[in-house]
Amino acid sequence: LVEERGLAQVSDESLIASAVATVLDASPGEVARYLAGEDKVIKFLMGQVMRALKGKGEAQIVQRLLTEQIDARRG
């Protein structure tokens, strides 16, 4: 029933990572603010990723991949 109605959570890390990369590329100002210490910006970015995944992304994976990809952009 869950699959039939399209209610299953997305836990495919490659799919989530792609959505995260797209959101980060589209939000350089927010990424810079996060890197400058504004931790609350992560909630905005997470919301954008969840929107891209139509609310079906597994939150823990989304948050982990967000922080990993932002950390990779520090250099």
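Contact here means heavy atoms within 4.5 Å. With that in hand, welcome to this predicted model. Helix H4 (residues 59–72) is a good place to start, as its axis comes within 10 Å of the axis of helix H3 (residues 41–52), and H4 also packs with H1. Two packed helices are described by the angle between their axes and the distance between the axes.

**H1 with H4**

- The axes of H1 and H4 lie 9 Å apart, and the two helices pack at an angle of about 50°.
- H1 and H4 are therefore oblique to each other, and their crossing is right-handed.
- On the H1 side, the residues that meet H4 are Glu13, Ile16, Ala17, Val20, Ala21 and Leu24.
- On the H4 side, their partners are Ile61, Val62, Arg64, Leu65, Leu66, Gln69 and Ile70.
- Sorted by class, this contact of H1 with H4 holds 10 nonpolar, one polar and two charged residues.

**H3 with H4**

- H3 and H4 have axes that cross at roughly 120°, which makes H3 oblique to H4.
- The crossing of H3 and H4 is right-handed.
- From H3, the residues Ile42, Leu45, Met46, Val49 and Met50 take part in the contact.
- From H4, they are met by Ala59, Val62, Gln63, Leu66, Thr67 and Ile70.
- By class, the contact of H3 with H4 has nine nonpolar and two polar residues, and no charged ones.

**The largest nonpolar core**

- In soluble globular proteins, nonpolar side chains tend to be buried together.
- The largest nonpolar core in this model has 20 residues, and those touching the most other members are Ile16, Val49, Val62, Leu66 and Ile70.
- Helix H1 (13–26), helix H2 (28–35), H3 and H4 each supply at least two residues of this core.
- H3 gives the largest share of the core, with six residues.

**A closer look at Leu66**

- Which residues does leucine 66 touch, not counting residues up to four places away in sequence?
- Leucine 66 touches Val20, Leu24, Ile42, Leu45, Met46 and Val49.
- Leu66 appears in the contact of H1 with H4, and Leu66 also appears in the contact of H3 with H4.

**Before H1: Asp12**

- Aspartate 12 is found in the segment before H1.
- Is aspartate 12 buried or partly exposed? With a relative accessible area of 43%, aspartate 12 is partly exposed, because values between 20% and 50% fall in that class.
- Aspartate 12 and isoleucine 61 are 49 residues apart along the chain, and their C-alpha atoms are separated by 9.0 Å.

Terms used:
Residues are numbered from 1 along each chain as its sequence is written. This is a predicted model: local features need pLDDT of at least 70, side-chain atom pairs count only at pLDDT 80 or more; totals for chains, interfaces and linings use all residues. Side-chain values use heavy atoms; hydrogens and water are left out. Axes are lines fitted to C-alpha atoms, for helices over the stretch in contact, and angles run from 0 to 180 degrees between N-to-C directions. Helices (H or I, at least four residues) and strands (E, at least two) are DSSP runs, numbered from the N terminus. Angles under 35 degrees count as roughly parallel, over 145 as roughly antiparallel, 65 to 115 as roughly perpendicular and the rest as oblique. A crossing is left-handed if the near helix is turned anticlockwise from the far one by less than a right angle, and right-handed if clockwise. Ala, Val, Leu, Ile, Met, Phe, Trp, Tyr, Cys and Pro count as nonpolar, Asp, Glu, Lys and Arg as charged, and the others, Gly among them, as polar. A nonpolar core is a set of buried Ala, Val, Leu, Ile, Met, Phe, Trp, Tyr and Cys residues joined through side-chain atoms within 4.5 Å. Buried means under 20% relative accessible area, exposed over 50%, partly exposed in between (1.4 Å probe, protein chains only).
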